[in-house]
Amino acid sequence: MSDFGARKYPAVFVLIAVIAGIVLSDLLGINSYIYLIIGLIFFPAAIIFYYRGNHFFSAILILLAMASTSALNYAFRYKTFPPGHIANFTDDNQKYTIYGTVNDWPDIAENGTKIILEIDSISAGGQVRNGCGQILVKINNPTGRIQYGDRIFFDSKVYSIKGGKDPHGFNYRRYLNLKGVYGVCYLPNEYSLQIDPLGEKHFYSLIMALRSYILGTFRETLEPNSAALASGFLIGETRNIPPEIYALFRDSGTLHLLAVSGSNVALVIIVFSLLIKGSTLRESYRVIVLLLLLIVFSFLAFNQPSVIRACIMAALIILGKLLQRRIDYNNIIACTALIILSFSPTELFDVGFQLSFVTAWGLIYGMPKVSALFAGIQRKLYYKWIIWPLYVCLIAQFFSLPLSAYYFHRIPIMSFISNILVIPLVSIAVVGELFLFMIFIIVPAGGQFFGGLLNLLLKLIISILQIFGSQSMAVIEYSNISVALVLIIYTTLIILGMAIYSKPARKLGLIFIMLSLNLIILRGLWASKYEYEFTIF
């Protein structure tokens, strides 16, 4: 058994099978029952081979069965439309009374409000039938009247989602379909629908009240721009960030800091772990407190894919330490991805999901190799506070940049330097925001004083961003790059990691880079010199 084998990393192999099943199901588009039949064949065959002592073929069949089960899950959820599915009611020029539950946090903008509605029943001509699926409801004015979890009903026609690829290859219809949304309704204002509001003791109501209190605390203790940044850094609330400041994050390559990620979750867990460490609670009760904290924090951050990934990872690590198990981060990340894809297989195609896991695996792959170079100075303070954060930041950027460039068609050329300067400051700011919130609860006047200090730090971050993000020359924009080029870049990064301690890997890396460059040159020579294409939307 090789070092990277199924026994050492079982979750990784299962994840590969699950991803293969989702991709094949998306590409083939065959009936979901075929995957069910295939799975019913592979599972008994795997058991037979196992009891006959042929564990290798048993493992292969188990992985194939997992792939077919994953394909079944994807096809049944997103390719199969039962009679009551909302996709069967679109574009028939009939007005329906639609009942459902708001299934995501409302997207409130200046020109309107968008909500995702999970359908439970549809009424037309006096006949009510059970419904399923999701629709996008567009309201023509901004409103905070509707909350996540509200039950609503309204009268409207249901339209299919129009779409196609834009010049950058983005397909809006597929984007919504992958979220389970197959119809859209238009309402003139929020009074066109009736709301069965959440009770005051409903979980979502408590979450919204806590969010409002956090945002109110920042507004009372910080300047407007600083309060908007603090909300973005801590819980991902970016709606109040001025467009010019948002553009600075985008052009400086630090936009990821406005999406709650693993670093935010880690900082929250560290702060609260220190707070309860001196308590009289037993270890098991402390774990329960931290797990509950992770659940609440995930909802506060709108359950973004990056924060869900980080919270599940943190929960698995906390439980592993409680059970005194050996922590293997490859299996932890793979288990996290399996949990997410089991409940929402279309997350595989989400850019946030991909960036989150690519960066996490890049850190796990690269950090041990780079840290070994500094084995002699790892106890030094300058290593812990300067060198270690520096190469963690660089590794994360190296592994996230190719995928980010593929999706967003822009490369901030100063992003390495800007991230090195800004990320540590943002981490300090997040810790400061947690203490600001707690101080303000106990002593409001103390919160005002502490907020003044934190305000200086947030203004410093904005000033640094203005240096790196205000010049157009700081960004390279382009039309598109191929998937093959992205794979070549990631393969090169993996080989370079191996090459740090392996002479054969260095030779292999040189050969691979030369072959890749020649292939890129040949592709450029074979491409048409002039290509005229008009895309009209």
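**Exercise 1. The nonpolar cores**

Find how many residues the largest nonpolar core has, and name those with the most contacts inside it.

*Solution.* The largest nonpolar core, where a nonpolar core is a set of buried Ala, Val, Leu, Ile, Met, Phe, Trp, Tyr and Cys residues joined through side-chain atoms within 4.5 Å, has 58 residues, and those with the most contacts inside it are F233, V265 and I461. The next step is to ask which helices supply it: α5 (203-221), α6 (224-235), α7 (243-251), α8 (262-277), α9 (283-300), α10 (305-322), α14 (415-442) and α15 (444-469) each give at least two residues to this core. Helices (H or I, at least four residues) and strands (E, at least two) are DSSP runs, numbered from the N terminus. Taking F233 by itself, and leaving aside its neighbours within four places in sequence, we find it in contact (heavy atoms within 4.5 Å) with F249, L257, L258, N264, V426, V430, E433, L458 and I461. Apart from this core lies another, of 45 residues, with I98, I122, I146 and A334 among them.

Two remarks apply to every exercise. The model is predicted, so that local features need pLDDT of at least 70 and side-chain atom pairs count only at pLDDT 80 or more, whereas totals for chains, interfaces and linings use all residues. Residues are numbered from 1 along each chain as its sequence is written, and side-chain values use heavy atoms, with hydrogens and water left out.

**Exercise 2. The two sides of helix α2**

Compare the span of helix α2 with the expected one, and then decide which of its residues are buried.

*Solution.* Helix α2 (residues 32-51) has 20 residues, and from its first C-alpha to its last it reaches 30 Å, close to the 28 Å expected at 1.5 Å a residue; the expected span is 1.5 Å times one less than the number of residues. The buried residues of α2 are S32, Y35, G39 and A46, where buried means under 20% relative accessible area, exposed over 50%, and partly exposed in between (1.4 Å probe, protein chains only). These residues lie on the same side of α2 because they cover an arc of only 45 degrees around the axis, the arc being that of the directions from the helix axis to the C-beta atoms. An α-helix has 3.6 residues a turn, so residues three or four places apart point the same way. The buried residues of α2 pack against α1 (10-28) and α3 (55-78), while the face turned away from the buried side carries the exposed residues Y33, I37, L40, I41 and Y51.

The last step is to look at what flanks the helix. N31 caps the N-terminal end of α2, with a side-chain oxygen 2.9 Å from the backbone nitrogen of Y33, and just after α2, G53 takes a positive phi of about 90 degrees.

**Exercise 3. Loop residues**

Locate N171, and find which backbone nitrogen its side chain reaches at 3.1 Å.

*Solution.* N171 is found in the loop between β6 (151-157) and α4 (172-178). Its side chain reaches the backbone nitrogen of R173 at 3.1 Å, and a polar atom of the N171 side chain also lies 3.1 Å from the backbone nitrogen of R174.

Now turn to the loop between α3 and β1 (95-102), where D91 lies. D91 has a positive phi of about 60 degrees although it is not a glycine, and at 44% relative accessibility it counts as partly exposed. N93 lies in the loop between α3 and β1, has a positive phi near 60 degrees although it is a residue other than glycine, and counts as exposed at 61% relative accessibility.

**Exercise 4. Cysteines**

Count the disulfides, and explain why C185 forms no bond with C132.

*Solution.* A disulfide is a pair of cysteine sulfur atoms within 2.5 Å, and by this rule the count comes to 0. The sulfur of C185 is 15 Å from the closest cysteine sulfur, in C132, and this is too far for a bond. C311 is likewise in no disulfide, as the nearest cysteine sulfur, that of C335, is 16 Å away. As for accessibility, C185 is buried with a relative accessible area of 0%, and C311 is buried with 7%.

Technical notes. A polar contact is a pair of N or O atoms within 3.5 Å; within protein, one must be able to donate a hydrogen and the other to accept it, and residues adjacent in sequence count only if both atoms are side-chain atoms.
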